[in-house]
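User: Please take a close look at how one pair of helices packs in this model, and at what surrounds that pair. A connected account would suit me better than a list.

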Amino acid sequence: MISQVNEPGKTDEAGKKLGMWLFLYTEIILFGGLFVLYAVYLTRYPNEFIEGGKELNRIFGVVNTIILLISSFAVAAAITAVQKDQRKLALWAIGGSLGCGAIFLVNKYFEWGHKIALGIYPNSERLLDGPDGQNMFFGLYYVITGLHGLHIVIGMTFLAVSFGFVLAGKVTAKRFALLENAGLYWHLVDLIWIFVFPLFYLII
Amino acid sequence: MEKKDHIFSYKTLFYVLLALLALTGVTVGASYVHLGKFNVWVALGIASLKATLVLMVFMHLKFEGRALILSFLSTVFFLAIMIGFTFWDVAFR
């Protein structure tokens with residue numbers, strides 16, 4: 001690790017990756033805090049949370065889970081491809097994961113749109129007049145899935161930039177920290193969804 | 001530096017994807033079985049298993065050195081403190 005830095009023309013790939021991981025730790029704590037809120041209010045309003053969970057469409061939840069898992073696989077495959085100097089395959093894989101991210105967001109749009117049409121949105125009359133637990137459940141639903149959706153957008157931007165660098169030949173088998181870090185961020189977004197999905201959609 | 005051993009084959013990655021999809025099926029199936037309070041724990045258990053697969057293989061944690069492994073575990077440890085102490089507080093209010 002250290003010797004790498006001292007050689008001219010070489011960069012500290014391990015250091016870049018460590019920096020990314022340090023950032024990811026702060027993300028874990030950020031979402032961790034929201035999950036603490038969820039857990040505390042789940043124990044306070046178990047029935048309202050179960051009712052709220054029934055309102056969510058499981059199909060959307062399952063489809064989006066599958067999409068994110070496939071996109072994570074695609075990014076991991078893209079890194080393997082770059083390591084093996086298979087640039088074309090890497091580009092297809094990154095493009096595929098970007099497509100998956102887009103489908104995820106489109107699904108989210110329809111899902112939120114449907115909820116809003118039903119009068120379920122922050123500060124809506126239906127939630128304000130309903131039980132506190134229901135308001136809490138959907139409040140957390142919008143904050144957590146909203147923040148997660150924002151992460152999807154950022155992750156896609158990061159992946160798109162990596163796509164450009166791979167295309168330009170600046171990401172190579174010897175130097176691929178940029179793509180690796182974009183991948184790490186994307187996997188973290190997937191990791192968060194792995195917990196969001198059962199907690200919101202599958203609660204009974 | 002050690003290059004060769006740090007590449008996951010497409011096959012390995014694909015099997016991990018299949019395992020993740022299968023576990024998604026399991027967690028959906030388990031949600032139809034009424035276990036009361038344990039439903040949440042079953043869901044969290046399966047989610048943790050999926051998370052471990054993603055971390056170890058997709059995120060290459062399996063190949064990383066001590067600095068990353070230890071710092072990651074410390075993060076999880078602090079997360080556990082945050083969750084644990086909050087519950088401690090809420091439960092005895």
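Analyst: In this predicted model, the contact between α2(A) and α8(A) draws on many side chains. From α2(A) come Glu13(A), Lys16(A), Lys17(A), Met20(A), Trp21(A), Phe23(A), Leu24(A), Glu27(A), Ile28(A), Phe31(A), Phe35(A) and Tyr38(A). They meet residues of α8(A), namely Ala177(A), Glu180(A), Asn181(A), Leu184(A), Tyr185(A), Leu188(A), Ile192(A), Phe195(A), Val196(A), Leu199(A) and Phe200(A).

Two packed helices are described by the angle between their axes and the distance between the axes. Here the axes of α2(A) and α8(A) cross at roughly 15° and come within 10 Å. An angle under 35 degrees counts as roughly parallel, so α2(A) is roughly parallel to α8(A). The crossing of α2(A) and α8(A) is right-handed.

Phe23(A) and Tyr185(A) both belong to this contact. Their C-alpha atoms are separated by 9.2 Å, although their positions lie 162 residues apart along the chain. Phe23(A), in helix α2 of chain A, has 38% relative accessibility and therefore counts as partly exposed.

Helix α2 of chain A spans residues 13-44 and also holds Tyr25(A), whereas Phe72(B) sits in helix α3 of chain B, residues 66-91. Tyr25(A) and Phe72(B) form a tilted aromatic pair, with 6.4 Å from centre to centre and 50° between the planes. Because the two rings come from helices of chain A and chain B, this pair joins two chains. Tyr25(A) and Phe72(B) are both buried.

A tilted pair also occurs within α8(A): the ring centres of Phe197(A) and Tyr201(A) are 6.0 Å apart, with the planes at 35°. Phe197(A) and Tyr201(A) are 4 residues apart in helix α8, residues 177-201 of chain A, so about one helical turn separates them. Phe197(A) is buried at 0% relative accessibility, and Tyr201(A) is buried with a relative accessible area of 1%.

Tyr38(A) and Phe200(A), both part of the helix contact, are also members of an aromatic cluster. Ring pairs link them there with Phe49(A), Trp112(A), Phe137(A), Phe138(A), Tyr141(A) and Tyr142(A). Over all chains, a search of the whole structure finds 23 aromatic pairs.

His187(A) is another residue of helix α8 of chain A. His187(A) counts as buried, with 1% relative accessibility. Leaving aside residues up to four places away in sequence, His187(A) touches Ser72(A), Val75(A) and Ala76(A) in chain A, and Val54(B), Phe58(B) and Met59(B) in chain B. A further link between the chains involves a charge: Arg58(A) lies over the face of Tyr32(B), 4.6 Å from the ring centre.

As for the setting of the helix pair, chain A has 8 helices and 0 strands. The C-alpha atoms of chain A fill a box of roughly 65 × 30 × 25 Å along the principal axes. Of the 204 residues in chain A, 52% are buried. Among contacts in chain A with a separation of 6 or more, 81% are between residues 24 or more positions apart.

Methods:
Residues are numbered from 1 along each chain as its sequence is written. Chains are lettered from A and ligands numbered from 1 in the order in which they are written. This is a predicted model: local features need pLDDT of at least 70, side-chain atom pairs count only at pLDDT 80 or more; totals for chains, interfaces and linings use all residues. Side-chain values use heavy atoms; hydrogens and water are left out. Rings of Phe, Tyr and Trp (its six-membered ring) pair if their centres lie within 6.5 Å; planes under 30 degrees apart count as stacked, over 60 as edge-to-face and the rest as tilted. Buried means under 20% relative accessible area, exposed over 50%, partly exposed in between (1.4 Å probe, protein chains only). A charge sits over a ring if NZ of Lys or CZ of Arg is within 6 Å of the ring centre and within 35 degrees of the ring normal. Contact means heavy atoms within 4.5 Å. Axes are lines fitted to C-alpha atoms, for helices over the stretch in contact, and angles run from 0 to 180 degrees between N-to-C directions. Angles under 35 degrees count as roughly parallel, over 145 as roughly antiparallel, 65 to 115 as roughly perpendicular and the rest as oblique. A crossing is left-handed if the near helix is turned anticlockwise from the far one by less than a right angle, and right-handed if clockwise.
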